[in-house]
Amino acid sequence: MNPSYFVLGYTVLCFEGKYAEVVLNLCMYHGISYLDGGSDAQHLRLCLRSRQARKLRVLLKAAAIGYTVQKQGGLPWQLYRLSHRPGLIAGILCALCIIAASECFVFDIRVTGNQTLSASEVKEMLARQGFAPGSFIPTLDTDKLETRVMLASDRIAWLSVNVKGTVAYVELIEQRLPAPATELRPAHVVASRSGEVVAVELYRGNVLVSAGQQVKKGEILIAGVYDSQTLGFRFTRAAGKVMVRTVQEFEVHVPYQYEKKVYTGEVLEKKSLIFFSFPIKVFQSTGNWGGVCDKIDIVDNFSPLADVELPLYLHTERYLPYKTEVATRTPEAALVLAHRQLSEQITQALQDGELLDKRIRTKIGKDGVTLYATVTCIADVAQTQEFELDLKNQK
């Protein structure tokens, strides 16, 4: 559309096709310019500037030619509509005031230098010391803030906070921590299942089994104890993989009758504007409804700049009401579902293992379908088992 049409305002007039020649001749004779408004075989549509549209409407009335106003738009029309909505004008003025004052507040916090700590964890530490998006910049004492954060956390060795504009840049160096206490406790690796050892991958400890050996459930495969005649007993936390040829049993039952969700087709919503951490409810269509539903949370950030995240969000809570009713599946459908669930169970159990043989027995009963599977596979049966040190009996 020509920009002048938007600035001066425009009107789209629609006429019956039989008047097309007369209307166009009127426009040409009186010097009325127009744009094609999307004409077809039955109708003629002209898009005119508002002033010229008023002139043409007078001519059409004198010529007894009928027409309809399909659309009015442009800047004057928008201003006219705005003048009849004082609440919206007040909101715009309020927003402009907020924007003017926003330079005194922190909008975004960016964290660098973190390795094991996530950015959200660092922001939580800062928030506990009173620094978060929305903090008043003129009263911010970065030296005190850095000291308080380092004293409160044993995971940060050094911290620096620099505010540039409305963005706070946080740099840190993490404290080197010793391994967790659980990692220092001695442990054996034992068999979670019985079978024949195929391969052993040792990470740490004293291997007690080898390929081709039969092991039983609970038997120690990799010991966390070294026996040395010169140094005595030494303890460690044994670790490794022990691949064993084993047999596992699985059972899956799928009933014919089940409860299913039936959605009502209604969509209920709550919308809130979140400015910094303050929610402002702007819309709600849920009323006093209190039934069961699926809930979807959507958070959109209002940020016209790609590299700055403004602290203004639209939080939408969408509810999809449903009812539950008893449904019945056919034996064929139950069998298909049972096989799918069985396959998922076997895949989850084997993970890095290898399936060698699978035998399935099917039972079709009065209330559902049951599958019994006997699976021969190669699987990792290594299981960590901690033990207590008996220092009194050690020499």
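**Note on strand pairing, a surface patch and two loop residues**

1. β1 and strand β3 (residues 43-49) are antiparallel partners, paired over seven bridges. Within this pair, T11 has L48 of β3 as its bridge partner. The model is a predicted one.

2. β1 also pairs with strand β4 (residues 68-73): the two run antiparallel and are joined by five bridges. Here Y10 is matched with G73 in β4. How enclosed is strand β1 (residues 10-16)? Six of its seven residues are buried, so the rest of the structure largely encloses this strand.

3. Some overall figures. The protein has nine helices and 23 strands. Of its 395 residues, 30% are buried. About 25,400 Å² is exposed, and carbon and sulfur atoms supply 54% of that area. Take the contacts between residues at least 6 apart in sequence: 65% of these join residues at least 24 apart.

4. Next, the nonpolar surface patch. F6, V7, L8, L75 and L79 make a patch of about 470 Å². Which helices supply it with at least two residues each? They are α1 (3-8) and α4 (75-83). The largest share, three residues, comes from α1. F6 belongs to helix α1. F6 has a relative accessible area of 43%, so it is classed as partly exposed. That value clears the 30% cut-off for patch membership.

5. A five-strand sheet deserves a careful look. It is open, its order is β11-β9-β15-β22-β21, and its pairing is antiparallel. The edges are β11 (214-215) and β21 (354-364), each of which pairs on one side only. As background, the strands of a sheet pair through backbone hydrogen bonds, in either a parallel or an antiparallel sense.

6. Inside that sheet, β15 has two partners to inspect. Strand β9 (residues 195-204) runs antiparallel to β15, and seven bridges join them. E196 stands opposite R245 of β15. With strand β22 (residues 368-380), β15 pairs over 13 bridges, again in the antiparallel sense. Two positions help to fix the register. V244 has A379 of β22 as its bridge partner. E249 faces T374 in β22.

7. T246 is a useful residue to inspect in β15. The strand spans residues 239-255. Is T246 buried or exposed? T246 is buried, because its relative accessible area is 4%, below the 20% limit for that class. Leaving aside residues up to four places away in sequence, T246 touches R193, S194, V375, T376 and C377.

8. A helix lies over this sheet. Helix α9 (residues 331-350) lies across β15, β21 and β22. Its direction is at about 165 degrees to β15.

9. There is also a four-strand sheet. It is open, with the order β10-β12-β8-β23 and antiparallel pairing. Why is one side of β10 (206-207) and of β23 (382-386) left without a neighbour in the sheet? Both strands stand at the edges with a single partner strand each, so one side of each has no neighbour there. Strand β8 (residues 187-191) pairs with β23 over five bridges, in the antiparallel sense. In this pair, V190 is matched with Q383 of β23.

10. Two backbone angles should be checked by eye. Most residues other than glycine have a negative phi. A64 is not a glycine, yet its phi is positive, near 60 degrees. A64 sits in the loop between α3 (50-62) and β4. A64 is exposed, with a relative accessible area of 66%.

11. The other case is Q351. Where does Q351 lie? Q351 is in the loop between α9 and β21. Its phi is positive, at about 50 degrees, although Q351 is not a glycine. Its relative accessible area is 58%, so Q351 counts as exposed.

Notes
Residues are numbered from 1 along each chain as its sequence is written. This is a predicted model: local features need pLDDT of at least 70, side-chain atom pairs count only at pLDDT 80 or more; totals for chains, interfaces and linings use all residues. Side-chain values use heavy atoms; hydrogens and water are left out. Patches are made of residues with over 30% relative accessible area and no salt bridge: like charges are joined within 9 Å, nonpolar side chains (Val, Leu, Ile, Met, Phe, Trp, Tyr) within 5 Å. Accessible areas come from the Shrake-Rupley method with a 1.4 Å probe; for residues, only the protein chains shown count as cover. A salt bridge is a side-chain nitrogen of Lys or Arg within 4 Å of a carboxyl oxygen of Asp or Glu. Buried means under 20% relative accessible area, exposed over 50%, partly exposed in between (1.4 Å probe, protein chains only). Contact means heavy atoms within 4.5 Å. Two strands pair if DSSP finds at least two bridges between them. Axes are lines fitted to C-alpha atoms, for helices over the stretch in contact, and angles run from 0 to 180 degrees between N-to-C directions.
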